[in-house]
Structures are given as C-alpha cells and as structure tokens.
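Trainee: Before I use any of the descriptive terms for this model, I would like to go through them and ask what each one rests on.
Mentor: Then let us look at the structure together and set each value against its cut-off.

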Amino acid sequence: MENQDHILIVDDDRGIRELLAAYLEKNGMRVSLAANGRQMRAVLEQGAPDLIVLDLMLPGEDGLVLCRELRVGKFKAVPVLMLTARSEETDRIVGLEMGADDYLTKPFAVRELMARIRSVLRRARMLPPNMQVSEAVQLLGFGDWRLDTTARHLLDQDGTMVALSGAEYRLLRVFLDHPQRVLTRDQLLNLTQGRAADPFDRSIDLLVSRLRQRLQDGAREPRYIKTLRNEGYVFSAAVTLMEGEQ
C-alpha cells in the first residue's frame, strides 16, 4: 500500500519492538525496527519514515542524544514520539526541549501509543493551506523577527539564525497562526502535541518560557507572548506572510 505510514521504532527491548511492530502492522502501518542509534541511522539511510518512536533509556547514545541529532540533521522535520520509563516532569520537558513532538511513559497500552502516533501525524500534516511550504522560502514576520518555515529557524533583524527545537518551532507556529487570540494551555497542548493536559502538566508553561528566551521576550513586560492570568497566553504582535528567495 503506497499510502501506508512508515513508523521507525527505536527501542533496545526486543519484546517491546516486536509487540509494537505486530500491533502497528495489524493497523495498516509499515514498521522498521532499530535497537540503538547505529541501527536507527542504517534505517534512515534508506529514507525518512513518517514518524520515529524513540526510547529515552537506550544503552550508549540515549534517546535525548539521538533526538538532538535528528533535529539538527536532514531528518529534522520527522516527528518524534519519545518513550520513557521515567515519570518525572523534568525528563518529559527535556525530551520536548530536545525536539520530541510528544512523549509516552512506560508502561503504556499499545492502543494509547497508536492514538498518540495518529495524533502527532495528524498535527504534522495540518498546516493551514496558506502556510503550506512550497519551493519558495516562506517567512513569517513579526516585530524584529522572521520565522523561516522551510528551514524551521528564526532570523533576527540582522539575519542571524536562531535554531529552534521541534517543540519550540511548533509552539511558535501555533502562536503565529493565531495572533491576537487568547489560547488556553489545553488548546496549546492540543494544537502542538495533539493531546489533552492533565491537571499537573506544566509542559506548555515551560515551553513558553523557553520560547520567550529565544525571542528575548521578557516575562514581566513581554512584547510578543503575553500571559493572561487564569486564561492562557496571547501572541500580541502583528504577523505578516512574506515569500521570496534567500
């Protein structure tokens, strides 16, 4: 089937790899397997998958190292869903900051993983029609910044590049797609990661803080991302769409 989604599973547990492969293939997906970073790279040499399921606790090069590598190479646009046996919030946030698009804590139900995969894929393919990447470089301008939607990095007023993690890019893109609108934390989490928040989920707040640092946007007197107490966040700057060649 030409329209099968291709999922790469990177996990050192053979039992988990085979279980996930059997379930995903049963649900119409094509699956490749890797036990470590070396095997992951070998699979990627054959072409980019549609999504990578990446275990955090790999021997040798762990999932964070591999995720960082993916985000600075030619596979930076491939969504990454990170698996972790840890439940601490800091581990989840570090994963998001390294560029993971979503995370799932072990143990998990395979149906939950399938739902997360479909949600991440759906979000990755849901760019507004007027924002679809074409052969021409597209720049979204706001304040002293421009966002290159092809290379997925920021440019300051002098043209200096500021790299963004996958999570930072996705959050900024949501803000730029919805300027002057109040977005709740639940809405931001759903738009950026395709899932609902639990009462103690602070990942969006931490990502907003990280993004503000990238934009040199002070929290006390922000120019771009303003906090509305008990409501959420609003991107207050005007956004313009520019097309051209660099």
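The conversation below takes up the sheets, the helix packing, a salt bridge and some backbone features in turn.

Mentor: Please keep in mind throughout that this is a predicted model.

Trainee: What makes S2 and S5 edge strands of their sheet?

Mentor: The five strands of this open sheet follow the order S2-S1-S3-S4-S5, with parallel pairing. Strand S2 (30–34) and strand S5 (102–105) each have a single partner strand, so one side of each is left without a neighbour in the sheet. Ignoring direction, neighbouring strands here are turned by 20° against each other on average.

Trainee: How do you know that S3 and S4 count as paired?

Mentor: Pairing requires at least two bridges between two strands, and four bridges join S3 to strand S4 (residues 80–84), the two running parallel. Within this part of the sheet, Ile52 stands opposite Val80 in S4.

Trainee: Which helices lie on this sheet, and what are their directions?

Mentor: H5 packs on the sheet and touches S1, S3, S4 and S5, its direction making about 175° with that of S5. H1, for its part, lies across strand S1 (6–10), S2 and S4, and runs at about 170° to S2.

Trainee: Why are H1 and H5 called oblique to each other?

Mentor: The axes of helix H1 (residues 14–26) and helix H5 (residues 110–124) cross at roughly 60° and come within 11 Å. Angles under 35 degrees count as roughly parallel and 65 to 115 as roughly perpendicular, whereas an angle belonging to none of the named ranges is oblique; H1 and H5 are therefore oblique to each other. The crossing in which H1 passes H5 is right-handed.

Trainee: Which residues meet there, and how do they divide by class?

Mentor: From H1 come Leu19, Leu20, Tyr23 and Leu24, which meet Val110, Arg111, Leu113, Met114 and Ile117 in H5. Sorted by class, the contact of H1 with H5 has eight nonpolar residues, no polar ones and one charged residue.

Trainee: What makes H2 and H3 roughly parallel?

Mentor: Their axes cross at roughly 25° and come within 11 Å. Since angles under 35 degrees count as roughly parallel, H2 and H3 are therefore described in that way. The crossing of H2 and H3 is right-handed, and in the contact Gly37, Met40, Arg41 and Leu44 of H2 meet Leu66, Glu69 and Leu70 of H3. The residues of this contact divide into four nonpolar, one polar and two charged.

Trainee: How do you know that Arg41 and Glu61 form a salt bridge?

Mentor: The rule asks for a side-chain nitrogen of Lys or Arg within 4 Å of a carboxyl oxygen of Asp or Glu, and the closest N and O atoms of Arg41 and Glu61 are 2.7 Å apart. The pair links distant parts of the chain, with Arg41 in helix H2 (residues 37–44) and Glu61, 20 residues apart from it, in the loop between strand S3 (51–55) and helix H3 (63–72). By this rule the count comes to 13 salt bridges.

Trainee: Why is H6 called roughly perpendicular to H8?

Mentor: The axes of H6 and H8 come within 10 Å and cross at roughly 85°. The range from 65 to 115 degrees counts as roughly perpendicular, and that makes H6 roughly perpendicular to H8. The residues in contact are Ala167, Glu168, Leu171, Leu172 and Phe175 of H6, together with Leu207, Val208, Arg210, Leu211, Arg214 and Leu215 of H8; by class, eight are nonpolar, none polar and three charged.

Trainee: How are the strands beside these helices arranged?

Mentor: Three strands form an open sheet in the order S10-S12-S11, with antiparallel pairing. Helix H6 (residues 166–177) lies across S10, S11 and S12 at about 65° to S12, while helix H8 (residues 203–215) lies across S11 and S12 at about 145° to S11.

Trainee: What makes Gln180 and Pro107 worth a remark on the backbone?

Mentor: Most residues other than glycine have a negative phi, and most peptide bonds are trans. Gln180, in the loop between H6 and S10, has a positive phi near 65°. The peptide bond from Lys106 to Pro107 is cis, with omega near -5°, and Pro107 is found in the loop between S5 and H5.

Terms used
Residues are numbered from 1 along each chain as its sequence is written. This is a predicted model: local features need pLDDT of at least 70, side-chain atom pairs count only at pLDDT 80 or more; totals for chains, interfaces and linings use all residues. Side-chain values use heavy atoms; hydrogens and water are left out. Axes are lines fitted to C-alpha atoms, for helices over the stretch in contact, and angles run from 0 to 180 degrees between N-to-C directions. Angles under 35 degrees count as roughly parallel, over 145 as roughly antiparallel, 65 to 115 as roughly perpendicular and the rest as oblique. A crossing is left-handed if the near helix is turned anticlockwise from the far one by less than a right angle, and right-handed if clockwise. Contact means heavy atoms within 4.5 Å. Ala, Val, Leu, Ile, Met, Phe, Trp, Tyr, Cys and Pro count as nonpolar, Asp, Glu, Lys and Arg as charged, and the others, Gly among them, as polar.
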